[in-house]
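Trainee: Please choose one part of this model and take me through it closely. Once that part is clear, I would like to move outward to its surroundings and to other parts of the fold.

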Amino acid sequence: MAEDILQVENVSKIYKLGELNTGSLSTDIQRWIHKMRGKDVSIERLAEVNDRSKKSDSKYVYSLNDVSFSVKRGEVFGIIGKNGAGKSTLLKLLSKITKPTKGSIKIGGRIASLLEVGTGFHPDLSGRENVFLNGAILGMRKNEIKARFDEIVAFSEIERYIDTPVKRYSSGMFVRLAFAVAAHLEQEILILDEVLAVGDAEFQQKCLGKMEDVSKNQGRTVLFVSHNIAAVKRLCTSAMLLEKGRPKLIGSVDSVIEAYQDYGVDLEQGVRSKIPGNSKGYFTNWKLEGQTPQDLHTCFSGENIQFVLEFKNNTYLQKCQIFLRLLYDEGTTLMLIRSHEYSVSDLSLEPGTYNFKFNTSLPIKTGKYDLQMAFVCHGEVIDEWETSTKLKVLDNFETLTQDSNSGILNVKTSFKYEGVDTLNLSYT
């Protein structure tokens with residue numbers, strides 16, 4: 001059994017809303033009186049769950065509340081959850097940027113953290129100088145950094161700009177260089193918080209491959225926070241689901257992802273390019289119609305079904321187009337359908353709520369599939385939504401005997417044979 005390199009025991013973090021001081025002299029006096037009377041004056045008594053949907057008079061909230069877990073050496077540990085669940089706060093505690101209100105954290109090695117674009121970089125220094133600066137901040141010696149410098153620059157693919165001040169770098173160039181430094185130095189633990197989303201798709205795949213290498217071949221530990229469920233599933237060996245500052249589930253990556261996808265279905269799940277209620281329009285829901293199972297997000301393989309995409313329109317829109325993409329495995333497109341290919345060439349909409357319907361059949365193997373939908377007007381993306389409520393495809397009675405692992409497609413076929421130039425032999 002591998003040893004634990006990280007142990008988090010009963011950790012809580014409480015933040016005060018508004019002013020950093022107590023707010024008034026009367027509050028200070030009240031706390032002093034309570035203390036003199038022997039009453040509990042700790043902020044833990046005043047703190048509440050961090051629920052953004054509810055109003056409260058309390059000025060203290062639990063960003064994290066009684067979190068305990070351990071990570072073994074060489075493990076890739078995923079942390080997922082909605083916005084505001086406490087993921088970034090946890091990583092800041094592990095990186096020693098801030099201290100927990102209570103609880104203990106035991107770390108058995110040096111940590112390299114990449115929590116946001118530009119972390120540990122000085123804007124007026126060149127990329128070359130920042131490699132040494134960032135390495136020093138991470139606890140590396142100059143000779144160690146020199147030995148890895150060429151490898152770091154080659155991985156980042158910005159050699160042409162390595163002597164340019166980084167204040168002239170794009171956010172993508174920042175991430176390339178910062179990740180390259182963190183991934184190639186000799187820290188035992190690598191912590192990443194969604195920063196790879198800034199990079200292009202090719203570099204993201206390159207980074208995922210590097211993280212697999214440092215964990216499997218170099219025995220280093222990775223803590224990975226991301227809303228990209230496909231990346232979490234590919235990379236992580238175990239995971240934790242955070243909900244309102246508390247661990248909802250800790251276990252295998254498949255079980256944690258399934259719990260994340262199944263609980264509390266609402267618009268915060270998945271990835272959106274627009275904020276609902278603050279745009280010209282946005283998707284509000286999706287479901288299936290015409291399918292045999294009663295579940296609104298489940299169908300049988302090969303069955304004729306209808307995708308219904310509900311859209312809330314806030315203004316008058318012209319030349320609208322609706323796109324629906326079905327994804328499988330690591331985000332590979334299985335199918336892409338467009339409204340303007342089906343007799344609707346110039347769609348105009350008044351303000352209101354609409355149901356866009358696509359009729360199709362899915363002759364595919366059993367499993368769960370991701371959906372992406374987009375609403376475009378005059379070439380402008382009004383809303384784009386990658387839902388985390390997956391489409392579930394089941395076998396029907398005609399396909400129960402088929403091997404569900406034989407491939408992606410599950411189409412009906414027939415077979416026959418006939419003899420050609422067979423010396424007049426007959427077949428019965």
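Mentor: Gladly! Let's start with a pair: Y369 has L391 as its bridge partner in strand 21. Before we go on, keep in mind that this is a predicted model, in which local features need pLDDT of at least 70 and side-chain atom pairs count only at pLDDT 80 or more, while totals for chains, interfaces and linings use all residues. Residues are numbered from 1 along each chain as its sequence is written, and side-chain values use heavy atoms, with hydrogens and water left out.

The strand and helix numbers count DSSP runs from the N terminus (helices are H or I with at least four residues, strands are E with at least two). Pairing is also taken from DSSP: two strands pair if at least two bridges are found between them. Strand 21 covers residues 391–394, and its 3 bridges with strand 19 (residues 367–377) are antiparallel. Strand 21 also pairs with strand 13 (residues 298–300), again over 3 bridges but in the parallel sense; there, C299 stands opposite V393. The two faces of strand 21 are easy to tell apart: L391 and V393 make up the covered face, whereas K392 and L394 lie on the uncovered one.

Moving outward, look at T333 in strand 16 (residues 332–338). Leaving aside residues up to four places away in sequence, T333 touches R325, L326, L327 and Y328, where a contact means heavy atoms within 4.5 Å. T333 has a relative accessible area of 38%, so it counts as partly exposed; on this scale buried means under 20%, exposed over 50% and partly exposed in between, with a 1.4 Å probe and protein chains only. The C-alpha atoms of T333 and L371 are 9.7 Å apart, with their positions 38 residues apart along the chain.

Next comes an open, antiparallel sheet of 3 strands in the order 12-14-18. Strand 12 (281–289) and strand 18 (352–361) are its edges, each pairing on one side only. From one strand to the next the twist averages 20°; angles here run from 0 to 180 degrees between N-to-C directions, and axes are lines fitted to C-alpha atoms, for helices over the stretch in contact. Between strand 12 and strand 14 (residues 304–313) there are 8 antiparallel bridges, and K287 faces V308 of strand 14.

Another open sheet has 6 strands in the order 6-7-8-4-9-10, with mixed pairing. Strand 6 (111–114) and strand 10 (246–252) are the edge strands, each with pairing on one side only. Here the twist averages 15° from one strand to the next. Strand 7 (residues 189–193) and strand 8 (residues 221–225) run parallel and share 5 bridges; I189 stands opposite T221. Packed on this sheet is helix 3 (residues 87–94), which touches strand 4 (76–80), strand 6, strand 7, strand 8 and strand 9 (238–243), and whose direction makes about 150° with that of strand 7. Helix 3 is largely enclosed by the rest of the structure, because 6 of its 8 residues are buried: K87, T89, L90, L91, L93 and L94.

Two lysines in loops deserve a glance. Most residues other than glycine have a negative phi. K96, which follows helix 3, has a positive phi near 65°; this residue sits in the loop between helix 3 and strand 5 (102–107) and counts as exposed at 68% relative accessibility. K244 also has a positive phi, near 55°. Its loop lies between strand 9 and strand 10, and K244 is partly exposed, with a relative accessible area of 37%.

Finally, a helix pair. Helix 5 (residues 142–156) and helix 6 (residues 171–184) have axes that come within 8 Å and cross at roughly 140°. That angle makes helix 5 oblique to helix 6: under 35 degrees would be roughly parallel, over 145 roughly antiparallel, 65 to 115 roughly perpendicular, and the rest is oblique. The crossing is right-handed, meaning that the near helix is turned clockwise from the far one by less than a right angle, with anticlockwise being left-handed. R148, E151, I152, F155 and S156 of helix 5 meet R176, L177, F179, A180, V181 and H184 of helix 6. Those contact residues divide into 6 nonpolar, 2 polar and 3 charged, with Ala, Val, Leu, Ile, Met, Phe, Trp, Tyr, Cys and Pro counted as nonpolar, Asp, Glu, Lys and Arg as charged, and the others, Gly among them, as polar.
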